[in-house]
Amino acid sequence: MTISPDFSAASTAVTAALGAYLLLGEPWLGRRVYGSLARRRDTEPRALVGYFTFVLVFWWALAALALVVLLFSPAMAAADLGIAAPESPVTTAVIVVLVGAVSVVSGRKMRALAEGGKNVPGLASIRAMLPRTPQERRLAVAVAVTDGICAELVYRGLLIAFGVGVLGLNLYAAAALSVLAYAVAGIYQGRSGVIAFGVVGVLLAGLYVSSGSLLLPIAVHIALTVRDLTLPVPEPIGSVPAYAPIPKGS
């Protein structure tokens, strides 16, 4: 994979501001928004609907900023942001099928554990986001799809392009920077959360760099997030953290 993004002055400013938000502002906002949801979840029937609606609007707004960057940079190609066909469509299709199968099998196992009152690692930390009604489940799937598309466009597509085109990093160093920014989103869970988000970030960045397209990481991201956001509420509840960031996958 080779990219040569040429950012205009306006696009550089927009991306720098967005990057600063992702590193500093997003964990703070996510903490406040999820904390509010966790406090209201059991007493306000539409609390999760409101939360999911906010997440949908918010992520599409961030994705729109990424597209604005592209529009404001006439010398930049869409492929510089990963908006391109994968270099190996057959390999991409095979990986998507395999990941989908693993997600279904692991999702069934996790569901059985949760329904049996057994511990599912990490499930309590997103308890307030787990749907309980058909409407909430439909919104959860919409959020998972949105999260997969928009987060990959912003974290992988835009941030890696910024690292290469503006910061002068090589592709792998820029990818590492994007992983760091993504890992910060897990700081609400402490050290284990940072590690978990970092591992997923490495996986998704690796898929992007190896395929030359956001299609593969988007598909994997969606599969993992759909699996997690459609699990049943764990019983017994156990420990519930006071906050969590806007969902970014598993």
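**Notebook: charges, rings and core**

I looked up R41 and E136 first, and both turn out to be buried (under 20% relative accessible area; exposed is over 50%, partly exposed in between, with a 1.4 Å probe and protein chains only). The model is predicted, so I note that local features need pLDDT of at least 70 and side-chain atom pairs pLDDT 80 or more, while totals for chains, interfaces and linings use all residues. Residues are numbered from 1 along each chain as its sequence is written, and side-chain values use heavy atoms, without hydrogens or water.

**Entry 1: salt bridges**

I counted six salt bridges (a side-chain nitrogen of Lys or Arg within 4 Å of a carboxyl oxygen of Asp or Glu). R41 and E136 make one of them, with their closest N and O atoms 3.1 Å apart. I placed R41 in the loop between α1 and α2 and E136 in helix α4, so this bridge ties together parts that are 95 residues apart in sequence. Helices here are DSSP runs (H or I, at least four residues), numbered from the N terminus.

I then checked R132 and D42, whose side chains meet at 3.0 Å, N to O. R132 sits in the loop between α3 and α4 and D42 in the loop between α1 and α2, 90 residues apart. R132 is partly exposed, with a relative accessible area of 36%, whereas D42 is exposed at 52%. I also noted that D42, R127 and R132 are joined into one network by salt bridges that share partners.

The bridge between R227 and D228 has an N to O distance of 2.9 Å. I found R227 buried, and D228 as well.

**Entry 2: aromatic pairs**

I counted eight aromatic pairs (rings of Phe, Tyr and Trp, its six-membered ring, with centres within 6.5 Å; planes under 30 degrees apart are stacked, over 60 edge-to-face, the rest tilted). Y34 and Y51 have ring centres 6.2 Å apart and planes at 80°, so I recorded the pair as edge-to-face. Y34 is in helix α1 (residues 9-40) and Y51 in helix α2 (residues 47-71), so the pair ties together parts 17 residues apart in sequence. Both rings belong to buried residues: Y34 has a relative accessible area of 0% and Y51 has 4%.

Y155 and Y182 are another edge-to-face pair, 5.1 Å centre to centre with 85° between the planes. I found Y155 in helix α4 (residues 134-165) and Y182 in helix α5 (residues 171-184), 27 residues apart. Y155 is buried at 0% relative accessibility, and Y182 is buried with 0%. I also noted a cluster in which ring pairs link W59, Y155, Y182 and F197.

**Entry 3: the core**

Which residues touch the most other members of the largest nonpolar core? I found L37, Y51, W59 and Y155, out of 72 residues in that core (buried Ala, Val, Leu, Ile, Met, Phe, Trp, Tyr and Cys joined through side-chain atoms within 4.5 Å). The elements giving two or more residues to this core are α1, α2, α3 (89-115), α4, α5, α6 (191-211) and α7.

**Entry 4: L215**

I looked last at L215, which lies in helix α7 (residues 215-229). Is L215 buried or partly exposed? L215 is partly exposed, with a relative accessible area of 47%. I checked L215 against G50 too: the two are 165 residues apart along the chain, and their C-alpha atoms are separated by 29 Å.
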